[in-house]
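Grab the model and work through these short exercises on helix packing and sheet layout. Try each task before reading its solution.

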Amino acid sequence: MSSLNVKIQDVFNEPACERNRSKASNVRNKGCSKPLTPGAAAGGCAFDGAKIVLQPITDVAHLVHAPLACEGNSWDNRGTASSGPTLWRTSFTTDLTEQEIVMGNSERKLFKAIRQIKEAYAPPAIFVYATCVTALIGDDIEAVCKRAEETCGLPVVPINAPGFVGSKNLGNKLAGEALLDHVIGTVEPDDAGPYDINILGEFNLSGEFWFVKPLLDRLGIRVRACIPGDARYLDIASAHRARAAMLVCSTALINLARKMEERWDIPFFEGSFYGITATSEALRQVAELLVKKGADQEILDRTVTLIAEEEAIAWKRLEEYRPRLEGKRVLINTGGVKSWSLVHALMEIGMEIVGTSVKKSTVEDKERIRQALKDEHQMFESMAPRELYALLSEHKADIMLSGGRTQFIALKAKMPWVDINQERHRPYAGYDGMVELVRQIDLAIHNPVWSQVREPAPWEDRPATKEQLPSTRRDTDTTRVAPSKSRQHDAGDFVEC
């Protein structure tokens, strides 16, 4: 655990973190370390966060060293998509029992499981995840992985992020550290070029990165590694030869982006593919970074031409929705990069933002929202379900965009709702994704079911008639209930007190 403590402290001391950047220079080196508060992992533990970042690496075998429940609770926790390998969809666990834990056979079982996976599936690599149980009993997964790597002849990567060490976001960062320590830089590509980039923090939810990659292909820009969406092990292992990088979710992998810049001189910027303007700006910044790293200037001209063509097509497709959505009020209950990028995207088509959550958003994210909304009261760190319900039931918003956990608040308030979080089934990135998002919002707002469910029920329209009143009455001289004449009773039906 001592090495894990050092790694956690290193993550807390992240100089690119917005908390550290806001500190004075004399206290910045103290980092952000503080005791965990009760319930800190309620939204997902560190193990869960590590699986979120690493499981989308599609050709790797992901082995969870734990009792069965850990794998059952973490498998398939995001709707990522793969264009090829399906090994990541197979669950691997050592399925430890109480007897194996008590008798000290857990490390032996882990080594055997690694060997069985290698023989049955021959993956390019195996990722082994520590969990609360195996960390508490002191299993040295790093030693087992090193021995298995020597024996089996393939990379066996220890992921030391047991759930009890912290929150899901800490697990995201520990996963990035594992890639830096054991994967990135281990393979030298023979096809490195001046137009290679990395995309960091892009999860390819519902295959939405496939709306963006064709744009980069048309510019002649190759994505050497998308970490982690639809990734391959060898691509990530050779990611250190990219010329530039784009960081999509900074709260998850800011440490990975910064350290890759320090070690291999890969400059990065934070951008978004949600919304027409944001997508265009991201493409433009990618081209500019590549030129600074030695690419030909003509890529800037190609980028400007592509942006003009794609924006014209997208705006033309969106025109049919503008009259139907202009002036509609939107409540956004999400976080991270979507907290600001969706604000810009929806305001572009004339919708009004009545509030947006800034949970998990960086200082830069919040500043972008302030510039767009001009009213800090429309930003909230978190809002209780009761407050969300009040806002919707009082018709201060026409639709709510959020994750699946808060959909029932909107449904209870009889208001439209669209899923924009990781559980969603539709892609919203890029120019085509923006059109799809607007289409879904239009369908939700103008769905005729809302006018129907808001109508009073038939029995609420008129007062009850005399015949509809209850047919029983309370006697004045006894403590028993007199039956209705329409029912025959035996003498034993009623008992006096």
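Angles under 35 degrees count as roughly parallel, over 145 as roughly antiparallel, 65 to 115 as roughly perpendicular and the rest as oblique. Keep in mind that this is a predicted model.

**Exercise 1.** Work out how helix α3 and helix α9 are oriented to each other.

*Solution.* Start with the geometry: α3 (residues 46-54) and α9 (residues 168-182) pack at about 50 degrees, and their axes are 6 Å apart. The two helices are therefore oblique to each other. As for handedness, α3 passes α9 in a right-handed crossing. Next, look at who touches whom: α3 brings A46, D48, G49, A50, I52, V53 and L54, while α9 brings K168, G171, N172, A175 and L179. Sorted by class, that contact has seven nonpolar, three polar and two charged residues.

**Exercise 2.** Find the strand order of the open sheet, then place α3 on it.

*Solution.* Reading across the four strands gives β2-β1-β3-β4, with parallel pairing. β2 (92-93) and β4 (156-159) are at the edges with a single partner strand each, so one side of each lacks a neighbour in the sheet. Further in, β1 (residues 61-64) and β3 (residues 126-129) run parallel and are joined by four bridges. Across that pair, L63 sits opposite V128 in β3. Now add the helix: α3 packs on the sheet and touches β1, β3 and β4, its direction making about 165 degrees with that of β3.

**Exercise 3.** Decide how enclosed helix α12 is, and check what follows it.

*Solution.* Count first: 11 of the 15 residues of α12 (residues 250-264) are buried, so the helix is largely enclosed by the rest of the structure. Among them are L253, I254, R258 and K259. After α12 comes D265, with a positive phi near 60 degrees.

Definitions and conventions. Residues numbered from 1 in each chain as written. Predicted model: local features only at pLDDT ≥ 70, side-chain atom pairs only at ≥ 80, totals over all residues. Heavy atoms only, no water. Axes fitted to C-alpha atoms, helices over the stretch in contact; angles between N-to-C directions. Left-handed = near helix turned anticlockwise from the far one by under 90°. Contact = heavy atoms within 4.5 Å. Nonpolar A, V, L, I, M, F, W, Y, C, P; charged D, E, K, R; others polar. Buried < 20%, exposed > 50% of the residue type's maximum accessible area, 1.4 Å probe, protein only. Pairing = 2+ DSSP bridges.
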